[in-house]
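Subject: A structure for you to look at

Hello,

Here is the structure I promised to pass on, with my notes below it. Please have a look at it first, and then read on for what turned up.

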Amino acid sequence: MISPLLISTAAYVSTLAAGIIAAVIVAVTACYLQTKKFKVTEVFADRSAKAKKTLKKRKKDTHTSDAEPSYGGTPYCRIGHLSDLHFPMVSVNLGDVIYRIASEDCDALAITGDLCQNAKGKPAMLDFMRTLSDALEGLPILVVLGNHDCTHVCGKDPKKIAEYVKEVESCGRNIKVLRDETVKIRLKGTDASILAAGLDELCIGDDKKHKKAVSEAAAEASENDKLLILMHNPDLMEVVKDEISGCGKYSVTLAGHTHGGQVYMPFNFEFNVLRDDRMPRKGYVYGLYEYCENNKLYINCGLGQSCLPLRLGTAPEIAFVCF
Ligand SMILES: [Fe+2]
C-alpha cells in the first residue's frame with residue numbers, strides 16, 4: 001500500500017516540475033519574441049547640444065522641401081548604423097528595417113560587420129543588400145567585415161574573403177566594403193565632408209594597416225570635416241587609440257560584435273567568463289562611450305543573433321548617430 005505521504009510528495013514534486021517547465025517556456029518565448037522587434041536609437045555623439053538642434057532642423061528641412069537642406073554653415077552629419085545582421089539568424093521584419101532607414105535623413109549608412117552567421121545565410125544577405133541599395137537610392141552604404149564573415153563564411157581564406165567582398169559590393173553601386181580604406185563623402189548643403197576609415201576585421205587584419213587607415217583619414221580631414229571610424233570588434237580601439245586620440249581631430253567610432261550581451265547575464269558573466277574579448281571585460285558592451293581622447297565610441301547591439309535565436313534586455317537595433 002502506498003503511503004499518503006509518498007503520494008503528497010509525488011504530487012508536490014510533479015507540480016513543482018510543471019511550474020518550472022512552464023516558467024522556462026514563458027521565459028524562452030519572451031526571449032524569442034525580443035528578437036522580432038527592433039528599436040530605433042538616436043545617438044548624439046557631438047560634444048555640444050548643437051547636434052540636437054541641427055538634427056531637428058534637418059528633419060524639418062527634409063519634410064517640408066525638396067530643395068537641398070541648408071544648415072546655416074554648420075556641418076553636422078547623421079549616419080545610419082546597422083551591425084551584426086547574422087543572416088540567416090535575423091528575425092526582425094527586414095522590409096520594415098529598410099523602410100525605416102530609407103525614410104530617415106542620413107548622409108550614409110554604416111554596417112559594422114557580421115552580415116552573415118554562416119555560409120547558409122549568404123543568399124538571403126545578398127538579397128537584402130540588393131533591396132537596401134535600391135531603396136536608399138545612391139546613399140553611400142559603408143560596410144566592414146565581421147569575424148563571422150571572415151571565419152564562418154570564408155574560413156579565413158583570403159581568396160574567399162575577396163570573393164565575398166566582391167559579391168557584397170555587386171549588390172549595388174552605392175555599397176563599398178572598406179578594408180583598412182578611407183572614403184570621402186560630401187555632406188549635403190555644406191562644403192564639408194565625411195572622412196570614413198573602415199578597418200578590416202581584427203581576426204584577419206594587420207595592426208599596421210589599421211593604424212595607417214586611421215592616420216590617413218585624419219590627415220585628409222579638414223577642420224570642418226567629420227572623421228568617422230568603422231570597425232566590427234571594439235577591441236580594435238586598443239590597436240588604434242593612439243592614432244585616434246593623437247591626431248588632434250574629433251572623431252566618432254562605430255562598432256558592433258558584442259550584441260549588447262544578447263541575453264542579459266548578471267555581473268557581465270558572458271564576457272568575464274564565456275568570451276575572451278577585452279573591451280567588454282572593461283565594461284564597453286553597448287552604448288556611447290568616451291574610450292579615448294577626442295573620440296566617442298558607439299557600440300550597436302546588432303540586428304540579428306548568434307548561437308541562440310534569443311535576446312534578453314538588448315533588442316535588435318537601428319541607430320542614427322549625429323555628430
Ligand atoms: Fe556578431
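Leu230 has Leu254 as its bridge partner in strand 9. That pairing belongs to strand 8 and strand 9 (residues 251-255), which run parallel and share 4 bridges; strands are DSSP runs of E with at least two residues, helices are DSSP runs of H or I with at least four, and both are numbered from the N terminus. Two strands count as paired if DSSP finds at least two bridges between them. Between these two strands the chain passes through helix 8 (residues 236-246), in a β-α-β crossover that is right-handed. Right-handed here describes a path from the first strand over the helix to the second that runs clockwise when the strands point away from the viewer.

Before going further, please note that this is a predicted model: local features need pLDDT of at least 70 and side-chain atom pairs count only at pLDDT 80 or more, while totals for chains, interfaces and linings use all residues. Residues are numbered from 1 along each chain as its sequence is written.

**Strand 8 and its other neighbour**

Strand 8 covers residues 226-230, and 5 of its 5 residues are buried. A residue is called buried if 20 or more other C-beta atoms lie within 10 Å of its own, exposed if there are 12 or fewer, and partly exposed in between, with C-beta atoms placed from the backbone. Lys226, Leu228 and Leu230 lie on one side of the strand and Leu227 and Ile229 on the other, so to speak two faces that are both covered. Strand 7 (residues 193-198) is joined to strand 8 by 5 bridges, and the two run parallel. Here Ile194 stands opposite Lys226. Together with helix 7 (residues 207-220), strand 7 and strand 8 form a right-handed β-α-β unit.

**Helix 7**

The 14 residues of helix 7 should span 20 Å at 1.5 Å a residue, and the end C-alpha atoms are indeed 20 Å apart. The expected span is 1.5 Å times one less than the number of residues. Which residues of helix 7 are buried? They are His210, Ala213, Val214, Ala217 and Ala218. These residues sit on the same side of helix 7 because they cover an arc of only 125 degrees around the axis. The arc is taken from the directions from the helix axis to the C-beta atoms. Lys208 and Ala219 are exposed residues on the face turned away from that buried side. As for what the buried residues pack against, the partners are strand 6 (181-186), strand 7, strand 8 and helix 8.

**Leu199**

Leu199 lies in the loop between strand 7 and helix 7. Is Leu199 buried or exposed? Leu199 is buried, because 30 other C-beta atoms lie within 10 Å. Leaving out residues up to four places away in sequence, Leu199 touches several others, including His210 and Ala213 as well as Ile229 and Leu230. Two residues are in contact if their C-beta atoms, placed from the backbone, lie within 7 Å. Ile7 is a different matter: Leu199 and Ile7 are 192 residues apart in sequence, and their C-alpha atoms are 66 Å apart.

**Strand 12 and strand 1**

In strand 12 (residues 317-322), 6 of the 6 residues are buried. Glu317, Ala319 and Val321 point one way, while Ile318, Phe320 and Cys322 point the other way. Strand 12 pairs with strand 1 in the parallel sense over 6 bridges, and there Val43 stands opposite Val321. With strand 2 (residues 78-82), strand 12 pairs in the antiparallel sense over 4 bridges, and Arg78 stands opposite Cys322. Glu42 is found in strand 1 (residues 39-44). Glu42 is exposed, because 11 other C-beta atoms lie within 10 Å.

**The whole chain**

The protein chain has 10 helices and 12 strands, and 43% of its 323 residues count as buried. It is divided into domain 1 (1-33) and domain 2 (38-322), bounds that come from an automatic or database domain assignment. The C-alpha centres of the two domains lie 46 Å apart. Along the principal axes, the C-alpha atoms fill a box of roughly 90 × 45 × 40 Å.

Enjoy exploring it, and write back with any questions.

Best wishes
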